[in-house]
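I opened the notebook to record what I looked up in this model, beginning with side-chain exposure and going on to ring pairs, the pocket and the annotated span.

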Amino acid sequence: MAAAAAAAASYKKYETRSRNPDPKTSLLLVIDVQNYFSSMVNPILPQLLTTIDLCRRSSIPVLFTRHNHKSPSDYGMLGEWWDNDLVLDGTVEAELMPEIRRLAGQNEVVEKNTYSAFENTGLQERLVEMGVKEVIVTGVMTNLCCETTAREAFVKGFRVFFSTDATATSDLELHEATLKNLAYGFAYLVDCDRLQDGLLGK
């Protein structure tokens, strides 16, 4: 389950090429770390907090996404697919987890209502305006919002780094399938140790 997914192998198992993020042009995306997903997040929370800290210490900006739906008009295909069991705005489940909420500045939260953090959010324009050329993806769910956002970032011309130990989903096979797919054609895989060495040195 979620705990098993969090224990997935490090980046070395699937990586096809290696590179370290450039702190001068990178941004960390923390995807959907909300109460609704807390059972998946809790096993990886230490690694997630470590990743955020490493990026802050390296002067890498951080943005947090918050998935929520305000009315049936914005359910899209998610409503059909998940039988309308969605994250509704104004509920406790829709809020960022307390450990993350205290780290997120008011202007650092991007609201979204589908798998991609780029869809109708202005994220791409914001990154371009900030001079961002690379994104580091963390959060949940590995194979849904994290993977979709990573793939779309790549297609939009951003270099993508994808965390293997600060992402999680409901199933280990799904987690590892995403890592294998992204490493093949979309993203450089990293974990806390790799980021520590690459950003701050050993």
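I looked up tyrosine 36 first in this predicted model, and I noted that tyrosine 36 is partly exposed, with a relative accessible area of 31%. Since the partly exposed class runs between the buried limit of under 20% and the exposed limit of over 50%, I kept that label for tyrosine 36 at 31%. For phenylalanine 37 I found a relative accessible area of 10%, so I entered this residue as buried, the cut-off being under 20%.

I then turned to the aromatic pairs, of which the structure holds four. In one of them, tyrosine 36 and phenylalanine 37 have ring centres 4.9 Å apart and planes at 75°, and I recorded the pair as edge-to-face because that angle is over 60 degrees.

Another entry concerns phenylalanine 154 and phenylalanine 186, an edge-to-face pair with 5.4 Å from centre to centre and 75° between the planes. I checked where the two partners sit and found that the pair links distant parts of the chain, 32 residues apart: phenylalanine 154 belongs to helix H7 (residues 142-155), while phenylalanine 186 is in the loop between helix H8 (172-185) and strand E6 (188-190). I also looked up their accessibility, and phenylalanine 154 counts as partly exposed at 39%, as does phenylalanine 186 at 23%.

Next I went to the largest pocket, for which I wrote down a volume of about 280 Å³. Its lining comprises 16 residues, and those closest to the pocket centre are Tyr36, Phe37, Trp82, Asp85 and Met141, so that both partners of the edge-to-face pair of tyrosine 36 and phenylalanine 37 reappear in this list. When I sorted the lining by class, I obtained twelve nonpolar, two polar and two charged residues.

I also followed glutamine 106, which I located in the loop between helix H5 (98-101) and strand E3 (109-112). Glutamine 106 has a relative accessible area of 77%, and I entered it as exposed because the limit for that class is over 50%. I noted in addition that the C-alpha atoms of glutamine 106 and asparagine 35 are separated by 18 Å, the two residues being 71 residues apart along the chain.

Last, I consulted the UniProt record, an unreviewed entry, whose annotation "domain: Isochorismatase-like" covers residues 26-191. For that span I noted 38% helix and 22% strand, with the end C-alpha atoms 16 Å apart.

Note on methods. Residues are numbered from 1 along each chain as its sequence is written. This is a predicted model: local features need pLDDT of at least 70, side-chain atom pairs count only at pLDDT 80 or more; totals for chains, interfaces and linings use all residues. Side-chain values use heavy atoms; hydrogens and water are left out. UniProt positions are given in the numbering used here, feature names are shortened, and annotations may be inferred rather than shown by experiment. Helices (H or I, at least four residues) and strands (E, at least two) are DSSP runs, numbered from the N terminus. On a 1 Å grid over the protein atoms alone, a cavity is a set of points where a 1.4 Å probe fits but cannot get out, and a pocket is an open set with protein on both sides within 12 Å along at least five of seven lines; lining residues have an atom within 4 Å of a point. Grid points are joined across faces, edges and corners, and a volume is the space filled by probe spheres set on the points. Ala, Val, Leu, Ile, Met, Phe, Trp, Tyr, Cys and Pro count as nonpolar, Asp, Glu, Lys and Arg as charged, and the others, Gly among them, as polar. Rings of Phe, Tyr and Trp (its six-membered ring) pair if their centres lie within 6.5 Å; planes under 30 degrees apart count as stacked, over 60 as edge-to-face and the rest as tilted. Buried means under 20% relative accessible area, exposed over 50%, partly exposed in between (1.4 Å probe, protein chains only).
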